[in-house]
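Got your viewer open? Here is a short tour, one selection at a time.

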Amino acid sequence: MRGAPMQLKQSLLVFESGPNPDATLQHVFTDGTALHSDDGVHCLAPWGAINASTGLVVARGHLPGLQQASDRVELLGASSALQWQALHRCSLCLWMDNKF
């Protein structure tokens, strides 16, 4: 069971939607969490990014590897949104609920 996160595929650069062509600024909200974070054996950390300018999912996935932690997965969601911005060459306002 502990090795299951090692089998997760990296989805950082898999995007489900593009920017809103009518909006000059894309508002993207990211979030991540670590389910069962107090139990290192059964912990799983998913993340997601939503474009509020379109109402569509930008990207989503799970944190690969054994180090399943909420801070790491929050950063992975933000990193994915920034990669999406670079790919589409758009202006981005990135929203997160975590302080680093």
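Start with the salt bridges, meaning a side-chain nitrogen of Lys or Arg within 4 Å of a carboxyl oxygen of Asp or Glu. How many does the structure hold? It holds 1. Select Arg-60 and Glu-16: their side chains form this bridge, 2.7 Å from N to O. Arg-60 sits in strand S3 (residues 56-62) and Glu-16 in the segment before strand S1 (25-32), so the pair ties together parts that are 44 residues apart in sequence. Helices (H or I, at least four residues) and strands (E, at least two) are DSSP runs, numbered from the N terminus.

Colour Glu-16 next. With a relative accessible area of 41%, Glu-16 is partly exposed. On this scale, buried means under 20% relative accessible area, exposed means over 50%, and partly exposed is in between (1.4 Å probe, protein chains only).

A quick note on what you are looking at: this is a predicted model, where local features need pLDDT of at least 70, side-chain atom pairs count only at pLDDT 80 or more, and totals for chains, interfaces and linings use all residues. Residues are numbered from 1 along each chain as its sequence is written, and side-chain values use heavy atoms, with hydrogens and water left out.

**Zoom out**

Switch to the cartoon view. You should find 1 helix and 4 strands, running β-β-β-α-β from the N terminus on. Of the 100 residues in the protein, 32% are buried.

Now think about contacts, which means heavy atoms within 4.5 Å. Take the contacts between residues at least 6 apart in sequence: 61% of them join residues at least 24 apart.

Try the surface view too. The protein exposes about 6,100 Å², and carbon and sulfur atoms supply 56% of that. Accessible areas come from the Shrake-Rupley method with a 1.4 Å probe; for residues, only the protein chains shown count as cover.

**Into the core**

Hide the surface and select Val-28, Ala-45, Trp-47, Val-58, Leu-63, Val-73 and Trp-84. Of the 15 residues in the largest nonpolar core, these touch the most other members. A nonpolar core is a set of buried Ala, Val, Leu, Ile, Met, Phe, Trp, Tyr and Cys residues joined through side-chain atoms within 4.5 Å. Which elements give two or more residues to this core? They are strand S2 (46-51), S3 and H1. H1 supplies the largest share, 4 residues.

Click on Ala-45 for a closer look. Setting aside residues up to four places away in sequence, Ala-45 touches eight-way company that includes Thr-33, Gly-61, Leu-63 and Val-73.**Asn-20 and its partners**

Next, select Asn-20, in the segment before S1. Is Asn-20 buried or exposed? At 18% relative accessibility, Asn-20 counts as buried. Now look for polar contacts: pairs of N or O atoms within 3.5 Å, where, within protein, one must be able to donate a hydrogen and the other to accept it, and residues adjacent in sequence count only if both atoms are side-chain atoms. A polar atom of the Asn-20 side chain lies 2.9 Å from the backbone nitrogen of Asp-22. The Asn-20 side chain also reaches the backbone oxygen of Ser-53 at 3.0 Å. Leaving aside neighbours within four places in sequence, Asn-20 is in contact with Gln-26, Asn-51, Ser-53 and Thr-54.

**Where S1 meets S4**

Select Leu-25 in strand S1 and Ser-91 in strand S4. These two are 66 residues apart in sequence, but their C-alpha atoms are 5.0 Å apart in space. Leu-25 is partly exposed at 34% relative accessibility, and Ser-91 is partly exposed at 39%. Beyond neighbours within four places in sequence, Leu-25 is in contact with Ser-53, Ser-91, Leu-92 and Cys-93. With residues up to four places away not counted, Ser-91 touches Thr-24, Leu-25, Gln-26 and Gln-85. Add Ala-23 to the selection: its C-alpha atom is 9.2 Å from that of Ser-91, 68 residues away along the chain.

**A loop and a patch**

Now pick Arg-89, in the loop between helix H1 (70-88) and S4. Arg-89 is not a glycine, yet it has a positive phi of about 50°. Arg-89 is also exposed, with a relative accessible area of 78%.

For the last stop, bring the surface back and select Phe-29, Ile-50 and Trp-95. They form a nonpolar patch with about 280 Å² of accessible area together. Patches are made of residues with over 30% relative accessible area and no salt bridge: like charges are joined within 9 Å, nonpolar side chains (Val, Leu, Ile, Met, Phe, Trp, Tyr) within 5 Å. Trp-95 belongs to strand S4 (residues 91-95) and is partly exposed, at 40% relative accessible area.
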